[in-house]
Structures are given as structure tokens and as C-alpha cells.
Amino acid sequence: MLEVNNINTFYGKAQALFDLSLRVEESEIFALIGSNGAGKTTLLNTISGLVTPASGNIEFLGKRINGLAPHIIVEMGISHVPEGGRIFNEMTVRENLEMGAYSSHAWKIRWGTLQQVYEIFPVLKEREKQLARTLSGGEHQMLAMGRGLMSRPKLCILDEPSYGLAPKYVEEVFRIINSLREQGITILLIEQNVRHTLETADRACVLENGHIVLDDICDNLLQSDHVRKAYLGL
Ligand code: ATP
């Protein structure tokens, strides 16, 4: 579904991603593991067009997407839920969700999509008229994910969806990620909770200093000495 080939990304003169390649297959959960500053967010931003790579190629469903504007990439079927959610605090829950359906196709079918989002996140239906700033941390994250679904993505990119959440919401986020995959949405995920992530995802790669050092199915990564020592504290 997604093929990233030999991407190099810079901030000014500082290189953040080095000759990086990966593939995400349709209907899988693919995770990026790595410590702070490894380049995970930069990679996601490069895929969704928020950051332009200096070289390399990114294809989504066989079409080149690097160099396209982010809103075109959303229309092609990639939705990016950024770290922290970035929701509009002074708008209602319903208005935030509708903002996710701004492409002309998604806008036409927004009513049906909204009902689906409310089925996945009943709390958003209960709170649809509330200002987003009145939501709890967990509800805020649900809203960010719900807004991401309003564009009817084929691939959903999630940047640390459980960051800072209470344990009950962390469980809920992982449950929802699984249910999105069951509905046919492919997931590209960054998560700090490495064990939980490797137990949930199908495949993952480990990013260190802008390089991919491991790329494998999660069962193998859970057994890897490097992953166990560096990321699982074993
Ligand atoms: P974290 O988990 O802390 O978000 P990360 O793995 O997502 O880390 P990135 O945020 O992608 O890492 O950062 C990769 C490198 O790029 C770091 O050295 C960071 O300081 C640098 N960087 C990130 N964003 C910018 C920016 N806007 N301008 C300059 N340098 C940046």
C-alpha cells in the first residue's frame, strides 16, 4: 500500500532521516519504534507531505506522493492524526469532526461517516455540542482520531495516540486501533508503549538516529536481543 524508498530529510543543514526505506502492506498495523529524536515524527510528516524530503520516493497505492500538497495526500486516502491531536479547542466536537471531512468527496458523505465515527466513539456523540476544550485528555484523543476518520482514509497515520493518557484510555486506544484494522483501515503507528505496540502490531521497524536498524514481524522483534535490552528493559 505504502512504499517509502531511500528518503533523506533535512531541517536546514541537519539531516533527520538517512536513506530510509519501508513498506506498509494493506490491512496491517505497522509500528515505528525509537527513542526521542530518532526521527519517527519526521518520517510521518514526510509521508503526509508536511515535510518535503530532499531525495527519495514515496508511493501510495502505486502513485508517487512526495512533492504533493498535504491536502491532496489526504484526498488520496492518507489521514494523519498528529501528536497531541491538534484539535480546535474553541470549536464544538461536531464542528471539529466536520473539519476532518473538508475534501469534496468526504464532505458529500459526511453524515454517514459521522454516524460511523459515533459508533466507534460513543462519547463523541454524547459530547457533540460541547466545546472541544472541555473534553478530558482521553476524549480529546478520541476526537483527534475521529476527525482523522472523517476523511475516509485507507491508511491512518497515528502519532503517539496514547501519549499522556490514563491507563484505561490507553487500553481503549489500542482496542480502537484493532477495530479500525478489522474495518479494513491500514494503520501506521508511533507509540511510546513498546511492549503493547509490538503485541498489537503485525510488523514494526526500529528507528535510531534517522536510520532503520531493524524491520521485522513483531513476534521476531519481541525476541530480538536489541529490542529487549534497548526498548523493553529486559
Ligand atoms: P519524539 O518521540 O521526541 O517526538 P521523534 O523520533 O519523533 O522524537 P523527530 O521529532 O522526528 O523525532 O526528530 C528527529 C530529529 O529532527 C531530532 O534531532 C529533532 O531535534 C529534529 N527536528 C525535529 N523537528 C525539527 C524542526 N522543526 N526543526 C529542526 N529540527 C527538527
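Two strands pair if DSSP finds at least two bridges between them. Strands themselves are DSSP runs (E, at least two residues), as helices are (H or I, at least four), both numbered from the N terminus. The model here is a predicted one: local features need pLDDT of at least 70, side-chain atom pairs count only at pLDDT 80 or more, and totals for chains, interfaces and linings use all residues. Residues are numbered from 1 along each chain as its sequence is written, and side-chain values use heavy atoms, with hydrogens and water left out.

**Exercise 1.** Work out the strand order and the edges of the open sheet of 4 strands.

Solution. Start with the order, which is 2-1-4-5, with antiparallel pairing. Next, look for strands that pair on one side only: these are strand 2 (14–24) and strand 5 (63–64). Now zoom in on strand 1 (residues 2–11) and strand 4 (residues 55–60), joined by 5 bridges. Within that pair, N5 has N57 as its bridge partner.

**Exercise 2.** Do the job again for the open sheet of 6 strands, and say why its edge strands each have a side without a neighbour.

Solution. Reading across gives 6-7-8-3-9-10, and the pairing is mixed. Strand 6 (78–81) and strand 10 (211–217) each have a single partner strand, so one side of each lacks a neighbour in the sheet. From one strand to the next, the twist averages 15 degrees (axes are lines fitted to C-alpha atoms, for helices over the stretch in contact, and angles run from 0 to 180 degrees between N-to-C directions). At one end, strand 9 (residues 203–208) and strand 10 run antiparallel and share 6 bridges; R203 sits opposite I217 there. Finally, helix 7 (residues 137–149) lies across strand 6 and strand 7 (155–159), at about 165 degrees to strand 6.

**Exercise 3.** Describe what surrounds the ligand.

Solution. First, the shell: 13 residues have a heavy atom within 4 Å of the ligand, with G37, G39, K40, T41 and T42 the closest. Helix 1 (residues 40–47) gives the most, with 3 residues. Then go through the polar contacts (N or O pairs within 3.5 Å). Ligand oxygen atoms lie 2.5 Å from a polar side-chain atom of T42, 2.7 Å from a polar backbone atom of G37 and 3.3 Å from a polar side-chain atom of N36. Last, the cover: of the 630 Å² that the ligand exposes when taken alone, the protein buries 56% (Shrake-Rupley method, 1.4 Å probe).

Methods. A polar contact is a pair of N or O atoms within 3.5 Å; within protein, one must be able to donate a hydrogen and the other to accept it, and residues adjacent in sequence count only if both atoms are side-chain atoms. Contact means heavy atoms within 4.5 Å.
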